[in-house]
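Here is a note for a colleague who is new to reading protein models. Please keep the picture open while going through the numbered points.

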Amino acid sequence: MNLLAAEEATNPLLPHVSEMVVGGVSFLIVLFFVGRLLVPRIQKTLAERVDAIEGGLKRAADAQEEAQQALKQYRDQLAEARHEASRLREEAREQGAQIKAELREEAQAEARRLIEAAHLQIEADRQQAFTQLRSEIGRLSTDLAGRIVGESLEDEARQRRTVDRFLEELESTSNAAVR
Amino acid sequence: MSAALTPLASEEFQAPGLGLFDWPPLVEGQAWFNKPALLALIGVVVVVIFAYSAFSRPKLVPKGMQNVGEIAYEFVREQIAKPNLGKDSDRWMPLLVSMFLYVLVVNLFGSLIFVQFPVMSRIGFAAILSIGVWVLVMYLGIKHQGPIGFFKNVMFPPGLPTWIYFLVAPIELISTFFLRHITHAVRLFATMMAGHLIIALFSEVGWHFLFVQLTPLGAPIGVLGFIMTILLTAFELFIQALQAYVFALLAAMFINDALHPAH
């Protein structure tokens, strides 16, 4: 290989137009297929991957947050419910006690009223029986006395006085007997 | 390889020269269609197939090729785009991924057995890429900073003593608008070319002294050449990947400078 001849043939620093055309066209083809068509696809996928990972992490954090929130809410509600329940229980107990007291009061009043009524009734009955008995005994006594004495007591007033005296006597003895 | 194998007939050792980079047309009459051009086109096919197998039906849970593709994508995003472009990264990822993968593949052709030619060692292939970046950067700079603001922000960075602008303005003008874009291409081209040349040299040494002219004195040199070829190929693999990274990194940096006034 003749070095001098080769050097004469080409100066390596001078670009050939044909090389620049071939090189330029080659690179444009690469740029079209790789740069225009293919790289955007992988960029999209990589972006999606980042999105999927970050989105997943974010979603997990959000879910965690939400769960915490819900738990707190439930706890609050539970505490509130417990509080409410105890308050209701207290109230019910109070009401129960009050009702019981009222009922007892009422029952006692009723009982007293009944007893009162019974007493009154008894007193009335006794009074009636006594009145009835008094007139009966009076009549019987006069009858009896008349018959024993054999004389009729003509005088009404005297008769009454006699009866009264007798009855008073009787009453005091019966009272003494009752006591 | 054809250039390296020609000295078979000759008894004299001749170091491989720039002729390594001259390729005849593969088809008669089609001067443009030579080995570098064919490799550039194969590189397109390889990159597109790779990207297609990795990114055509991406899954949220990656499998197989998608894993490999995602490693490449994330390398470009984290190491190239993010440090320079920050939150604008995603917008420029299509360009940067395409550029990185394409330059990487055609560079690695230099270390691929039977292919063994880094496409970017022909300056035209590197130049057209950096010209494309230059056009893009000019457009973006004028669009985002205004036609006057773009030049003003570059040439007159705020916060310097007045007299220094006489120095800074022309330097910044030439450097930002031209030189760094030229070196962008030349850096890639030169490293690929030099790497290819060195590997060709050592493999030629090994071939010549061990097979063409085996002499007691020459044999150790041949063995050395053989070993150096292997070591330098490993080194070259690293350089080829590094240069693809650097090329895309600089493109990202230039784009960011155009989007946001630097300094």
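1. A first stretch to find is residues 20–39 of chain A, whose end C-alpha atoms lie 25 Å apart and whose span is 100% helix and 0% strand. Helices here (H or I, at least four residues) and strands (E, at least two) are DSSP runs, numbered from the N terminus. UniProt, in an unreviewed entry, lists residues 20–39 of chain A as "transmembrane region"; its positions are given in the numbering used here, feature names are shortened, and annotations may be inferred rather than shown by experiment.

2. Before going further, please note that this is a predicted model, in which local features need pLDDT of at least 70 and side-chain atom pairs count only at pLDDT 80 or more, while totals for chains, interfaces and linings use all residues. Residues are numbered from 1 along each chain as its sequence is written, and chains are lettered from A and ligands numbered from 1 in the order in which they are written.

3. The confidence of chain A deserves a careful look, where pLDDT is the predictor's confidence in each residue, from 0 to 100. The mean pLDDT of chain A is 85, and 88% of its residues reach 70 or more. Within chain A, H2(A) has the highest confidence, with a mean of 91, whereas H1(A) has the lowest, with a mean of 45. Over residues 1–8 of chain A the pLDDT stays under 50, and for these residues the model has 14 contacts beyond four places in sequence; two residues are in contact if their C-beta atoms, placed from the backbone, lie within 7 Å.

4. A second annotated stretch of chain A, residues 53–109, carries the UniProt label "coiled-coil region", again from an unreviewed entry. In the model this span is 100% helix and 0% strand, and its end C-alpha atoms lie 82 Å apart.

5. Where do the chains touch? In total, 35 residues of chain A are in contact with 44 residues of chain B. On the side of chain A that touches chain B, the elements giving two or more residues are helix H1 (3–9) and helix H2 (17–149) of chain A, and H2(A) gives the most, with 25 residues. The residues on this side of chain A divide into 20 nonpolar, 9 polar and 6 charged, where Ala, Val, Leu, Ile, Met, Phe, Trp, Tyr, Cys and Pro count as nonpolar, Asp, Glu, Lys and Arg as charged, and the others, Gly among them, as polar.

6. Phe33(A), which lies in helix H2 of chain A, is a useful residue to inspect. Leaving out residues up to four places away in sequence, Phe33(A) touches Leu38(A), Val48(B) and Ala51(B). Phe33(A) counts as partly exposed because it has 19 C-beta neighbours inside 10 Å; a residue is buried if 20 or more other C-beta atoms lie within 10 Å of its own, exposed if 12 or fewer, and partly exposed in between, with C-beta atoms placed from the backbone.

7. Chain B has 8 helices and 0 strands, and its C-alpha trace spans about 70 × 55 × 40 Å along its principal axes. Of the 263 residues of chain B, 39% count as buried.

8. The largest nonpolar core has 67 residues, of which Leu96(B), Met99(B), Phe100(B), Val103(B), Ala248(B) and Ala251(B) touch the most other members. Such a core is a set of buried Ala, Val, Leu, Ile, Met, Phe, Trp, Tyr and Cys residues joined through C-beta atoms within 7 Å. H4(B) supplies the largest share of this core, with 13 residues. H4(B) is also mostly covered, with 15 of its 20 residues buried, and a kink of about 35° in this helix is centred on Leu95(B), the bend at a residue being the angle between axes fitted to the seven residues ending there and the seven starting there.

9. Finally, two residues in the loop between H4 and H5 of chain B, Phe114(B) and Gln116(B), merit a check of their backbone. Phe114(B) has a positive phi of about 75° although it is not a glycine, and phi of Gln116(B), also positive in a residue other than glycine, is near 45°. Most residues other than glycine have a negative phi. Phe114(B) counts as exposed because it has 5 C-beta neighbours inside 10 Å, while Gln116(B), with 18 such neighbours, counts as partly exposed.
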